[in-house]
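Q: I am a first-year student, and I would like a close look at a single part of this protein. Please go slowly through the charged pairs, then show me what lies around them.

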Amino acid sequence: MAKLSGWLFVIAVLAVVSLAIVHLCAAQSKSSFALDPLTPEFSKLIAPSEKLETVATAFGFTEGPVWDPAGFLWISDETINKIYKVQMDGSRASLIELGDPDGNTFDRDGRLIDCASVLRAIIAISRSDARYTVLADRYDGKRFNSPNDVVLGPDGAFYFTDPTLDLPQGQSQEIPFEGVYRLGQNGAVTLLTRELTQPNGLAFSPDGKRFYVDDSAQRNIREYDFHDGTISIGRIFGREPGGKDDGVPDGMKVDKNGNIFVTGPRGIWVWDKAGRHLGTIVLPEQPANLTWGDPDYGTLYITATTSVYRLRTQTHGFVAYLPFANLAGKEPK
């Protein structure tokens, strides 16, 4: 009887170990890179044979990637509290130490524009000496919540979201909603909408007629008509449902044909301009943001939790600041 009990114990242990291995394999499978096409158009944007490459890893939490024409990336690390210059060989150098930096873009003078969560401000950073200037930190006399992502609009103004996602601990929310704003070249801040629960990523269509903003809490993407600094007729463009711990709509970028690449559950969801979900780029880590890079802007560079990845595409990015940004010239002091 004792011998039988011993065998039963061994069998039970083996069963537990086997079950653990099954779960581990399932988890690894779930987090492996894959291209998941839902339509034939998806494979025209990304070749089925394409492989994901790791550019750099061992970060805290990566965000706000921006491609510099000199051949490297600017990356925010929200937990290490730095903005890094990341080379293609994986090496990195700190540009500035800044509490909880988030989304980035360039302005017309080639300065790096950052959503500085701890400062509760939109700031401009010189790439040459890391000095920064606060461009805006208030609306109607009240401090922003925690600016999250920013893009340059077709009118030359900046457009940004201001959720409470990174509101500094111990500080109070002064604006009683989470808004989407326009920051004009004259420094004036205008509220565009307050209807989103948790506005996050945002982008413009290549023709400048459509403005997209996603809502992380509602797991949807909204589309607006754009009229030279104002928006109207907001509507649901698409939804990205998922489980409690799955990713949510966050960073987004648009290609030259108007297809939209939006982070979401399992990776990056690819949409056409009509609102069809074409397919998903499944990633080994949950992405927060992405940008177009390489000389032809035909590669997606993706910030995903602790790493930065790249994926070559068969399309090319729409990059709003390229027509006029002074990225190669001398920056103003």
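Which residue forms a salt bridge with D68, and how far apart are the closest N and O atoms? Please start there and work outward.

A: A word first: this is a predicted model. The partner of D68 is R127. Their closest N and O atoms are 2.8 Å apart. That falls inside the cut-off, because a salt bridge needs a side-chain nitrogen of Lys or Arg within 4 Å of a carboxyl oxygen of Asp or Glu.

Now place the two residues. D68 lies in strand β3, while R127 lies in the loop between β9 (121-125) and β10 (132-136). The two parts are 59 residues apart in sequence, so the pair ties them together. Next, ask how much of each residue is accessible. D68 is buried, with a relative accessible area of 3%. R127 is also buried, at 15%. Both count as buried because the cut-off is under 20%.

Here is the general idea. Side chains of opposite charge can pair when their charged atoms come close.

By this rule the model has 16 salt bridges. Take R210 and E223. Their side chains meet in a salt bridge, at 3.9 Å from N to O. R210 sits in strand β18 (residues 210-215) and E223 in strand β19 (residues 220-227). The pair therefore ties together parts that are 13 residues apart in sequence. R210 is partly exposed, at 30% relative accessibility. E223 is buried, at 11%.

Strand β19 holds a further charged residue, D225. D225 forms a salt bridge with R235, and the closest N and O atoms are 2.8 Å apart. R235 belongs to strand β20 (residues 230-239), and the pair links parts of the chain 10 residues apart. D225 is buried, with a relative accessible area of 13%. R235 is partly exposed, at 26%. Now join the pieces. R210, E223, D225 and R235 form one network, through salt bridges that share partners.

Next, return to strand β3, the home of D68. The structure holds 1 cavity of 30 Å³ or more. This cavity has about 260 Å³ of space. There are 19 residues in its lining, and the closest to its centre are V151, K253, F318, A320 and Y321. Strand β3 (62-68) is one of the elements that give two or more residues to this lining. Others include β7 (101-106), β13 (150-152), β17 (199-204), β21 (252-254) and β25. What classes of residue line the cavity? There are 15 nonpolar, 3 polar and 1 charged.

Follow K253, one of the residues closest to the cavity centre. K253 is touched by N259. N259 is found in the loop between β21 and β22 (260-264). It is buried, at 10% relative accessibility. Among the other contacts of N259 are L45, V254, W271, D272, K273 and L278.

L278 leads on to E41, which touches both R276 and L278. E41 is in helix α2 (residues 40-45). It is partly exposed, at 30% relative accessibility. The side chain of E41 makes a polar contact with the side chain of R276, at 3.4 Å. E41 also shows how the chain folds back: E41 and G279 are 238 residues apart in sequence, yet 8.6 Å apart in space, C-alpha to C-alpha.

Now turn to the pockets. The largest pocket has a volume of about 340 Å³. Its lining has 20 residues, with F61, N200, V248, D250 and A288 nearest its centre. By class, 5 are nonpolar, 9 polar and 6 charged. The second largest pocket has about 240 Å³ of space. It is lined by 15 residues, and D107, R111, G156, F158 and Q185 lie nearest its centre. This lining has 6 nonpolar, 5 polar and 4 charged residues.

Finish with two backbone details. Y297 has a phi near 50°, a positive value in a residue other than glycine. Y297 is in the loop between β25 (287-293) and β26 (299-304). Y297 is buried, at 9%. N81 has a positive phi too, near 65°. N81 is in the loop between β4 (72-77) and β5 (82-86). N81 is partly exposed, with a relative accessible area of 27%.

Methods. Residues numbered from 1 in each chain as written. Predicted model: local features only at pLDDT ≥ 70, side-chain atom pairs only at ≥ 80, totals over all residues. Heavy atoms only, no water. Helix = DSSP H or I, 4+ residues; strand = E, 2+ residues; numbered from the N terminus. Buried < 20%, exposed > 50% of the residue type's maximum accessible area, 1.4 Å probe, protein only. 1 Å grid on protein atoms, 1.4 Å probe; cavity = no way out; pocket = protein on both sides within 12 Å on 5 of 7 lines; lining within 4 Å. Points joined across faces, edges and corners; volume = space filled by probe spheres on them. Nonpolar A, V, L, I, M, F, W, Y, C, P; charged D, E, K, R; others polar. Contact = heavy atoms within 4.5 Å. Polar contact = N/O pair within 3.5 Å; in protein donor to acceptor, adjacent residues only side chain to side chain. Lists of a residue's contacts leave out its neighbours within four places in sequence.
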